[in-house]
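Here's a quick briefing to read alongside the sequence and the 3D view. Keep the viewer open and follow the bullets from one topic to the next.

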Amino acid sequence: MKVSGPSGSTATGASGAARSDTGEGFRQLLDVSPAARPAPAAGVAPTSATSAVSALLALQGQGEGDLRRQALKKGRRLLDALDRLQADILGAGPTLANLGQLRAALAETRDPTGDSGLDETLGWAEVRAAVEVAKLERAIV
């Protein structure tokens, strides 16, 4: 076979001669007679798997919204408790009420929301609240 550039290749010699019966021998071996051919499919039935997957995704999306909402509520409680603590530190001083509020906000369990930014921010707020609880326990109790 000789390559003659980007236009393609040309067959040379006896071994590279073009064959007019390309694939005929193979077809004969397969015995592709009308009786041997499989019947065409009558039709494709609509799949219920697609609707089931859509329903699952909708439920997961709804669940993610609930997780996000719950996480935001917990974050607001943590930040409110830290704000009250800050105000009390600047005023009369921290109280056992501040400690109780922070402990209650930290005691709430939280599942990952799927939003990495929100989860990371809540993690930092929880760490800050835990540090303040430790400091208050040491100072007050």
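Leaving aside residues up to four places away in sequence, E132 touches L82, L85 and L102. This is a predicted model, so take what follows as a reading of computed coordinates. E132 belongs to helix α4, and with a relative accessibility of 11% it counts as buried, because the cut-off for buried is under 20%.

**Helix α4 on its own**

- Helix α4 runs over residues 116-140 and has 25 residues.
- From its first C-alpha to its last, α4 reaches 36 Å, which is close to the 36 Å expected at 1.5 Å a residue.
- Which residues of α4 are buried? They are L118, D119, L122, A125, E126, A129, E132, V133 and L136.
- Three acidic names on that list come with their own figures: D119 sits at 18% relative accessibility, E126 at 19% and E132 at 11%.

**How α3 packs against α4**

- Helix α3 (residues 96-107) packs against α4 at an angle of about 145 degrees, and the two axes are 10 Å apart.
- The crossing of these two helices is left-handed.
- On the α3 side, the residues in contact are L96, N98, L99, L102, R103 and L106.
- On the α4 side, they meet E126, A129, A130, E132, V133, L136, E137 and I140.
- Sorted by class, that α3 and α4 contact has 9 nonpolar, 1 polar and 4 charged residues.
- L102 shows up twice here: it is part of the α3 side of the contact, and it is also one of the residues E132 touches.

**Salt bridges linked to α4**

- Searching the whole structure turns up 9 salt bridges.
- E126 pairs with K74, and their closest N and O atoms are 2.9 Å apart. E126 is in helix α4 and K74 in helix α2, so this pair ties together parts that are 52 residues apart in sequence.
- Are the two partners buried or exposed? E126 is buried at a relative accessible area of 19%, and K74 is buried too, at 4%.
- R110 and D119 also meet through their side chains in a salt bridge, at 3.6 Å from N to O.
- R110 counts as partly exposed at 26% relative accessibility, whereas D119 counts as buried at 18%.
- Put together, K74, R110, D119 and E126 are linked in a network of salt bridges.

**A salt bridge within α2**

- Helix α2 covers residues 48-90, and both R69 and D66 lie in it.
- R69 forms a salt bridge with D66, with the closest N and O atoms 2.3 Å apart.
- The two residues are 3 apart in sequence, about one turn of the helix.
- How accessible are they? R69 is partly exposed, with a relative accessible area of 47%, and D66 is partly exposed as well, with 31%.

**Q86 and N98**

- Q86 is another residue of helix α2, and it is partly exposed at a relative accessible area of 48%.
- Q86 and N98 are 12 residues apart along the chain, and their C-alpha atoms are separated by 9.5 Å.
- N98 itself is among the α3 residues that meet α4.

Notes: Residues numbered from 1 in each chain as written. Predicted model: local features only at pLDDT ≥ 70, side-chain atom pairs only at ≥ 80, totals over all residues. Heavy atoms only, no water. Axes fitted to C-alpha atoms, helices over the stretch in contact; angles between N-to-C directions. Helix = DSSP H or I, 4+ residues; strand = E, 2+ residues; numbered from the N terminus. Left-handed = near helix turned anticlockwise from the far one by under 90°. Contact = heavy atoms within 4.5 Å. Nonpolar A, V, L, I, M, F, W, Y, C, P; charged D, E, K, R; others polar. Expected span 1.5 Å × (residues − 1). Buried < 20%, exposed > 50% of the residue type's maximum accessible area, 1.4 Å probe, protein only. Salt bridge = Lys/Arg side-chain N within 4 Å of Asp/Glu carboxyl O.
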